[in-house]
Amino acid sequence: MQHRQHGEKIDSLAIHFYLDSQSTPHLNDWITTAISKQVEEIELNLSDINHPDLHRNYELLLESQRYQFRYGLIMMNQGRKSTVKRLHLESCTFKSAIRFDGSSSLINVDLKRVKISDEQLKNVLDTCSCLEWFSLDRCQDLINLDVTAGAMQDLKYLNVNCCLRLESVEIRNLNLAEFEYSGPHVKLILKEVPRLAKFSLSVISGDIKGSITEALTKLPAKLPALETFNLLLNLDMKTLILPEDAPTFTNVKQLILTIVPLKDDDDFAWMTYLLKAFPLLQKLQLNLFSSSSFSTKEVRPIPECGHEHLKEVEINGFRGNQNEIELIQYLSRNMVGLKAEDLVFNWECKRYRGFNNWEVDEHISSFDRRLWNQIKTSLQRRLKMMNIYKPCQPYSIDVM
């Protein structure tokens, strides 16, 4: 247990240790004491991740064995509003099925592997008139998540990650600026979110193709203020059927696409669709996870589609496949304002892990490094020689 204290006031209480229901009296006493001393941050991580010698798995504990956190503890402090502004709970059960009177001072709430029901969560959110940052991570009892404005007029950031039993997510909030969702296919209802500028979507199970199609065709009308769109395409792109008349994202300036897997026979027809759908795009980041390295299989030409605003392209996971090379040439030919030095491609694979964090895989053998450097040097030389404002002939790279 750690705490930061100034005089009689405790700034924060942090408990990072495996504790179960047998420790309930002690935990409640520590929390109550901290609240009486005007604590502002409470962090309870009761998992055993950092204690492998204990050989316990918190997920397998019976509900009666888990510590039950009482939300009422932080609602009031001797008749006054509680001073707790940040609450992080990990690996515990939420104990409360009643509605609370009044409001809390919570600004930041982070629930990770917490057993909490839809009703319990709604009762909590109804008290959070100051909430700005809210995250749910692997809370497996949630079925229908309802995040409407209600008391949460100041909510700016919402993250929902791997809540695998979710069936629907409904959001209505006038001030929400950033939303990240990663998990199964759900019914996603977005209403009255005029300030939502950043959206990250990663569908990992269920109707993945339907989720992506709906995102690309329905979101332009629902998210008029969207500026940054981060999308995981976890499927064979050749199976994605998109309408010919693409609805346009009229405000998106940055598009981040992670493609798992990128097949050798991918003809990149979807790229033409995206360039039409994002007419004001300025920065494109492609995170590719190729199924093989250094393939020379020929691909069909990609239909040309000029784009005037794209000025920066970053391609990660580039393996030197012939279709990847054709993609880079295609971007060079069609991006009117793109210079050769603004088209960057890297061997390292990048995968988004939420909260603005990226995981980078830099593994590469010495042989692959030499071969890849030859391909990169040859391609960079060719791009510099190209007149990127005019079409060029397809070419192949000879590796010595």
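Leaving aside its neighbours within four places in sequence, which residues is His88 in contact with? The close-ups below, all taken from a predicted model, start there and then move on to other spots.

**View 1. His88 and its contacts.** Once neighbours within four places in sequence are set aside, His88 touches Ile42, Glu43, Leu44 and Asp110. His88 itself belongs to strand S7, which covers residues 86-95. With a relative accessibility of 7%, His88 counts as buried, because the cut-off for that label is under 20%. Asp110 sits 22 residues away along the chain, yet its C-alpha atom and that of His88 are just 4.7 Å apart.

**View 2. Strand S9 between two partners.** Asp110 turns up again here, since this view follows its bridge partner, Ser135 in S9. Strand S8 (residues 108-115) and S9 run parallel and are joined by 5 bridges. Getting from one to the other involves helix H2 (residues 118-125), and S8, H2 and S9 together make a right-handed β-α-β unit. S9 also runs parallel to strand S11 (residues 157-161), again with 5 bridges. One of the pairings to look for is Asp137 with its bridge partner Asn161 in S11. S9 spans residues 133-137, and 4 of its 5 residues are buried, so the strand is largely enclosed by the rest of the structure.

**View 3. A cysteine without a bond.** How many disulfides does the count come to? The total is 0. Cys139 makes a handy example: the nearest cysteine sulfur belongs to Cys163 and is 5.0 Å away, so with a cut-off of 2.5 Å the two do not qualify as a disulfide. Cys139 is buried, at a relative accessible area of 0%. Cys349, elsewhere in the chain, is buried too, at 8%.

**View 4. Stacked rings of Phe179 and Phe199.** The whole structure holds 11 aromatic pairs. In one of them, Phe179 and Phe199 are stacked, with 5.4 Å from centre to centre and 10° between the planes. This pair ties together distant parts of the chain, 20 residues apart: Phe179 comes from strand S13 (residues 178-184) and Phe199 from strand S15 (residues 198-205). Phe179 is buried at 0% relative accessibility, and Phe199 is buried as well, at 2%. Zoom out a little and ring pairs link these two with Phe229, Phe249 and Phe278 in a cluster.

**View 5. Strands S19 and S20 with the helix between them.** S19 (residues 312-316) and S20 run parallel, with 4 bridges joining them. Val313, for instance, has Leu343 in S20 as its bridge partner. The chain leaves S19, passes through helix H5 (residues 322-334) and arrives at S20, giving a right-handed β-α-β crossover. In a regular strand, side chains alternate between the two faces of the sheet. On S20 (residues 343-346), Leu343 and Phe345 make up the covered face, while Val344 and Asn346 are on the uncovered one.

**View 6. Charges over rings around strand S21.** Lys350 is part of strand S21 (residues 349-354). Its charged end sits over the ring of Trp358, 5.1 Å from the ring centre. At 18% relative accessibility, Lys350 still counts as buried, because that label applies under 20%. Apart from neighbours within four places in sequence, the contacts of Lys350 include Thr258, Gln285, Asn287, Phe289, Glu314 and Asn316, plus Trp358, Glu359 and Val360. Phe289 also has a charge over its face: Arg351 lies there, at 4.6 Å from the ring centre.

Definitions and conventions. Residues numbered from 1 in each chain as written. Predicted model: local features only at pLDDT ≥ 70, side-chain atom pairs only at ≥ 80, totals over all residues. Heavy atoms only, no water. Helix = DSSP H or I, 4+ residues; strand = E, 2+ residues; numbered from the N terminus. Buried < 20%, exposed > 50% of the residue type's maximum accessible area, 1.4 Å probe, protein only. Contact = heavy atoms within 4.5 Å. Phe/Tyr/Trp six-rings, centres within 6.5 Å; stacked < 30°, edge-to-face > 60°. Lys NZ or Arg CZ within 6 Å of the ring centre and 35° of its normal. Pairing = 2+ DSSP bridges. Right-handed = clockwise from strand over helix to strand, strands pointing away.
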